[in-house]
Amino acid sequence: MQRLAIFGGTFDPVHWGHLLVAQTALEQVPLEQVIWVPSQNPPHKQAALFEHRVEMVQRATTDNPGFRVSHVEKSRSGASYAINTLIDLSADYPNTHWYWIVGLDTFQTLPRWYRGQELAQLCDWLIAPRLPGGENIAQTESICKQVAQKLTKQTVDIHWQLLNIPLVGLSSSLIRNFCRSRQSIRYLVPESVRLYINSQNLYING
Ligand code: ATP
């Protein structure tokens, strides 16, 4: 049975933090591939056009045979929900043990996701430390345990592991803010992504 991970996100834009998280997952589990899934209509966010975000993920990942970009969300009307992504990808990739890659901030919200209890059990969770409050690794682990306990109380049996990466204080919002204030984003995103953002005049206004 092959081992694949889904890495869902808005990727508005993709940055080095995302790439490091995905590469670490690939090596640590290890996985055959990470499938990047840019979301079409993120439930809680306004984002750049789907086509722009996919193109940037494509450019950022093209040289890595362990990465694949899925367009499964392209035809999605209405909100993008993780459970639907997994169901659709399971049809395309039978005989797969599924993993789901998330940052700690996202993992903390799992108990509130649409059909989150069901989804929690359908894959193993690979959690990237992400610490807005400056917590240390022991606190990260304790936050993950609290989420798992909350789900256990709801009779959900969840498997998870922390990804062993250094903290990367990068976010797409930070990149967008830099663009807006005309600060350089060189070395914050892959060069191919930076050039695309410049050529399309993304994130300059609004
Ligand atoms: P925004 O700043 O717009 O909220 P973001 O940087 O969080 O965007 P997303 O595309 O929303 O990017 O993130 C996709 C996934 O990657 C989420 O699970 C998020 O927690 C995780 N992630 C993003 N950046 C990092 C990072 N620097 N370290 C660890 N995880 C990250």
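Trainee: Which residue in E5 does Ile-101 stand opposite?

Mentor: Happy to start there, keeping in mind that this is a predicted model. E4 and strand E5, residues 124-128, pair in the parallel sense over five bridges. Within E5, the residue that Ile-101 stands opposite is Leu-126.

Trainee: And what is the bridge partner of Ala-5 in E4?

Mentor: Here we turn to another pairing of E4. E1 and E4 pair in the parallel sense, over five bridges. In E4, the bridge partner of Ala-5 is Tyr-99.

Trainee: How many of the eight residues of E4 are buried?

Mentor: A residue counts as buried under 20% relative accessible area. By that cut-off E4 is mostly covered, and of its eight residues the number buried is seven.

Trainee: Let's move to the ligand. How far is a backbone N or O atom of Phe-11 from an oxygen atom of the ligand?

Mentor: Good place to look: 22 residues surround the ligand, and Phe-11 is listed with the closest, alongside Asp-105, Val-168, Ser-172 and Ser-173. From an oxygen atom of the ligand, a backbone N or O atom of Phe-11 lies at 2.8 Å.

Trainee: Which residue has a polar backbone atom 2.9 Å from a nitrogen atom of the ligand, besides Val-168?

Mentor: For Val-168, a backbone N or O atom lies 2.9 Å from a ligand nitrogen. A nitrogen atom of the ligand is also 2.9 Å from a polar backbone atom of Leu-170.

Trainee: What share of the ligand's accessible area does the protein cover?

Mentor: Start from the ligand on its own, which has 600 Å² of accessible area. Of that area, the protein covers 91%.

Trainee: Which elements give two or more residues to the shell around the ligand?

Mentor: Strand E1 (2-9) and strand E4 (96-103) are on that list. The helices on it are H1 (16-28), H4 (104-107) and H7 (172-180). So that we end on the names, the full list is E1, H1, E4, H4 and H7.

Trainee: How do the shell residues divide into nonpolar, polar and charged?

Mentor: Taking the residues of the shell around the ligand by class, the split is eight nonpolar, ten polar and four charged.

Trainee: One last puzzle: why is Cys-123 not in a disulfide?

Mentor: A disulfide is a covalent bond between the sulfur atoms of two cysteines. Cys-123 is buried, at a relative accessible area of 3%, and Cys-144 is buried too, at 0%. The structure holds zero disulfides. Cys-123 forms no such bond because its sulfur is too far from the closest cysteine sulfur, in Cys-144, at 14 Å.

Technical notes
Residues numbered from 1 in each chain as written. Predicted model: local features only at pLDDT ≥ 70, side-chain atom pairs only at ≥ 80, totals over all residues. Heavy atoms only, no water. Near = heavy atom within 4 Å. Polar contact = N/O pair within 3.5 Å; in protein donor to acceptor, adjacent residues only side chain to side chain. Areas by Shrake-Rupley, 256 points an atom, 1.4 Å probe, with all protein chains shown as cover. Helix = DSSP H or I, 4+ residues; strand = E, 2+ residues; numbered from the N terminus. Nonpolar A, V, L, I, M, F, W, Y, C, P; charged D, E, K, R; others polar. Buried < 20%, exposed > 50% of the residue type's maximum accessible area, 1.4 Å probe, protein only. Pairing = 2+ DSSP bridges. Disulfide = S-S within 2.5 Å.
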